[in-house]
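Open the model in your viewer and keep the selection panel at hand. The tour goes from one selection to the next.

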Amino acid sequence: MYRKILIIVLLFSLIFGDKVLSHFHNVASANSILEEVANVKFESIVDSSSAYLEGYDESNNYYGVYNYWQELNILSPSDVYLINVEDIVGGEEISPYYSRGYNRETIKVTPKDEITFTVNVSEEGLYELYLNYYLLEETLLRPTLTFKVNDIVQYNEMYNLEIPLKWEVDSEKLFDRFGDEITPDSSLFQEWSVFALSDPNYFFNEPLKFFLQAGENELSIIINEGYILLGDIEIGNLSSDIPSYSEYLSSLETSSKADSLLVIDAERYTYESKQNIRAKFQRNPGLTPYSYKNRVLNVVDQSSYRKSGDSITYIFEIAETGIYNLSLKYLQSENEDLSTSRRILIDGDILFEDLKNYDFPYSRNYRNETLHLDGEAFEFYFTAGTHSLTLTAVNEDVDDVYHQLVEVLSDINDLAREVNKITGGLTDRYRNYKLDVYIPNIVGELTRQRDEIIDSRNQLIEIYESDDMAIITELNIAIKYMNQFIEDPDEIPPYQSRYNVGDTSIYGRINIILPSLIDNPLQLDSIYIHGENIELPKPNVNIFIRSWEGIRAFVYSFFDPKYNDASITDEETVEIWVRNSRLYIEVMQRMIDEEFTSETGVKVQLSVMPDENKIVLANAAGTTPDAAMGLSVTRPFEFALRGIVTDLSEFDGFYDLSAEFNENSFIPFVYEGGIYSIPETQDVKLLFYRKDILEFLGVEPPETWEEVVSLIPVMQKYNYYFYTPLGGDNAFKTFGETTPFIYQYGGVLYNETGDKTIINEDGSYDAFEFMTDLFSVYNVPITTSRFFQKFRDGQVPLGIGDGNMYIQLKYAAPELAGQWGVMPIPGIETDKDETTCPGPLTGDRCIERWDPTYGTSSIIFSDSSKQDLAWEYFAWWFSKDVQSDFTYQLQSLLGDEFLYMTANIEAFKTSAWPSDSKYEVLEQWNWVRTTGRVPGDYLLERELSNAWNKVVNDGVNPRVAIDDAVIIINRELKRKLTEFGYYEDGVMVEPYIVPTYENIHLWLGGNDDEE
């Protein structure tokens, strides 16, 4: 019955062009026909005449689902249900003795664990869930969970619900070797707490609701990350209404006004929600504390305190009971024109409505903001004693306009896809496409999109009380373009750059605006709790004081030890250049000083190396350091050819250390009898897939290239595309893009002595032919730019990406939570069995997924007099424990998104990389196969790329293209081998052994030799 009703409504909506269909989509999360509605939703996508209605759907996220529940007047019953620990199935039962003070049995859960329990409710409706939890010390990453009701995820947020972390900041000040104050340590604050499932995007103040049908319901929780003890669980609407300000005032016990001033240094907060929230030094005499000599932490850094949910808590003492005002000295200069929002809790509670979402206006200079409404300062009642103040970044002000613009983006994308189906991708501006015939309601749809943008613009003007902002200008341009398309829809194909393609299109402009709406930077210097008649210190000093302090600091810089004797590299200090950001280097130097130097006495001085070519110049001048880190994978071999670097395999402990790495990652660093570098980082390629779209297509993610080829026509039928890095926007195809196919097909690049290439033979040629057929026969797009954005939009729901792609999706696309997954890249299936397959089987199949996983590397220079000390540092730094700890240190200081892919596999297993993909990364790393270096190999890489371009872009026959390339490559290989003494008078005098996957053990067999 429901299906018939929905189909009728679908037809009705197509005729009248309204949005009736979306309401019926939303009911999916409101009652027991959710699965039925989901099926009809996918069936409607198949219908090409309604294709532009697909994509983003309010039924996918809590905002749309909750609003629809409100429209249906679904009740929030008052009954509360208690789930005891003994009623929970799953996890590990922990006795009261080990339950950290809970005094009853608890359940221990770890990543991938699932617990289930049932609740029998007397009345259907909306409920909240409250967890009693205790975070164990193993919890170093932000704990998250997936929540299901009757095996259904009712909205996207349920895939990735965050459990609050509380880090206690060390009150003891820390200083570096130059006397500059550095960020203090913090540790996990462990206590039993109660947590209500809450919106991870902080659009809502109250806990998340979910729908339960009358009778028995099965609820399940899957732990994505974290090590947790769980106690009893409560289900019910326990959140209470927050009083208005007038109601709060009327409840106060006294009207006695305080006349004192309490100053809290903002950088001295007690608790933080994330370790990367940090204090910093700003050289400004108007701030406290201040020093013109050394760095002293004096502000909360707005760059680190800006994301949704970022929270800091202050503990302070009130000397006298009374009524106080609350003021903050702040700066917000990074999100231009827009205010920043904070939820303000005192003693753990929101005292009145106006503190749910308090706005701090944009300000380039420091200002004192006394919390107020319409010019009247809020009055706060404090008793004498200890109190707390918590400030949390929230987005409640912009929830409506944000989601409205997100829906507009989806509608634009879907309409553009429908247009592209009709035009076949043609962009002839003089052609009459008759889009209004093939899409009868296109003008109505464009008009609706424009009206949504106009409404969003008006809302933003009202929220920020200004129409003179960059985001308003962008929306006005979008409205202007939309009016042009409404007047003539046939302008869309030739002017996609104005509609949906590029940053200057309507789509691009809105897409750029969205992140700024939920960006909440706030830099704090001081917090004042004061009587109403107290005059606060001025937020800024005059220009004369600033000038004088600038002169003092300049003069002192000539005598500053950090620029003189303290920074001089003595005979016992190892000097290392590092090609990485200063933030990374600061973390490394801190670990070295606190751990390595304190234990060994060996001092190490790291310096930023912005360009690798600096090494070449330094070598020519005889001023190279002792070692270098962060080099590209090609450099060590080039330096080894010229005798600049040292063979690391000669040092004690090298073979023990190398055993913690994949031996194939050393292949590019082999030259003759030595290994000249340690792999530092190691990237990974994974297959990314949109679960929702593949489910709609009725297919599984492909395991082999044969499965990819069979899937491509199914995808193209609905205007979806597959992405491989070969089809990136760079015309030069590196070994990283071409050799995976060659190795998977069983091919090789060179003969055994490296003086000839054999890419035109056997498996190598088969691979070349296939990787050109992908584009010339199977119509994979020759160029796909911005894979991340097209994957996010759904245009390219399947493709191969790297670690950076994973980080972007996880932290920059929260709307896709639970809708995408990763797995090892496709490969070639062979008939090898468990004993002969060179990697792990997939089921009972041997699928060879070879891929070079290039990263960065580290070297020790041959002319260094401190090679042994440099190796002692390398042996410590690249060990599994230190590398694992470094990944956590980076996240704690810089943020969750700073994921570091150490090449040490044993370290990666215990690293800060999220559990949801760690297994897939490790599985793909079983298929690491890098390319051995040969003098002159740069021409092989270039000519292989040229041959691919000739076939794909110019239509040259693959055999002709590859044979022509071989002639050019062989000539250059012989020339370079002659240059380095392997050929004389055209005759090979010494064979060059090419390091490969099959023979790398010849260089890494040190342990066997010793035995």
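The stops below cover a charged patch, a sheet and a nonpolar patch in a predicted model.

**Stop 1: the charged patch.** Select Glu114, Asp151, Glu216 and Glu218, and show their side chains. These residues gather on the surface as a patch of negative charge. Now keep Glu218 alone; its relative accessible area is 41%. Glu218 is counted as partly exposed, because that class lies between the cut-offs of 20% and 50%.

**Stop 2: from the patch to the sheet.** Glu218 is placed in strand β15, so extend the selection to residues 215-225. Then add β4, β7 and β8: with β15, they make an open sheet of 4 strands. The order across the sheet is β4-β15-β7-β8, and the pairing is antiparallel. At the edges stand β4 (114-121) and β8 (161-162). Each has a single partner strand, so one side of each has no neighbour in the sheet.

**Stop 3: one strand pair.** Hide everything but β4 and β15, which run antiparallel and are joined by 8 bridges. Pick Phe117, and look across to β15: Leu219 stands opposite.

**Stop 4: the nonpolar patch.** Select Trp548, Ile551, Phe554, Val555, Phe558 and Phe559. Together these residues form a nonpolar patch on the surface, with about 710 Å² of accessible area. To place one of them, colour helix α12 (residues 543-556), where Trp548 is found. Is Trp548 buried or exposed? Trp548 counts as exposed, because its relative accessibility is 51% and the class begins over 50%.

Note on methods: Residues numbered from 1 in each chain as written. Predicted model: local features only at pLDDT ≥ 70, side-chain atom pairs only at ≥ 80, totals over all residues. Heavy atoms only, no water. Patch = residues over 30% accessible without salt bridge, like charges linked within 9 Å, V, L, I, M, F, W, Y side chains within 5 Å. Areas by Shrake-Rupley, 256 points an atom, 1.4 Å probe, with all protein chains shown as cover. Salt bridge = Lys/Arg side-chain N within 4 Å of Asp/Glu carboxyl O. Lys, Arg positive; Asp, Glu negative; His and termini not counted. Charge placed at Lys NZ, Arg CZ, Asp CG, Glu CD. Helix = DSSP H or I, 4+ residues; strand = E, 2+ residues; numbered from the N terminus. Buried < 20%, exposed > 50% of the residue type's maximum accessible area, 1.4 Å probe, protein only. Pairing = 2+ DSSP bridges.
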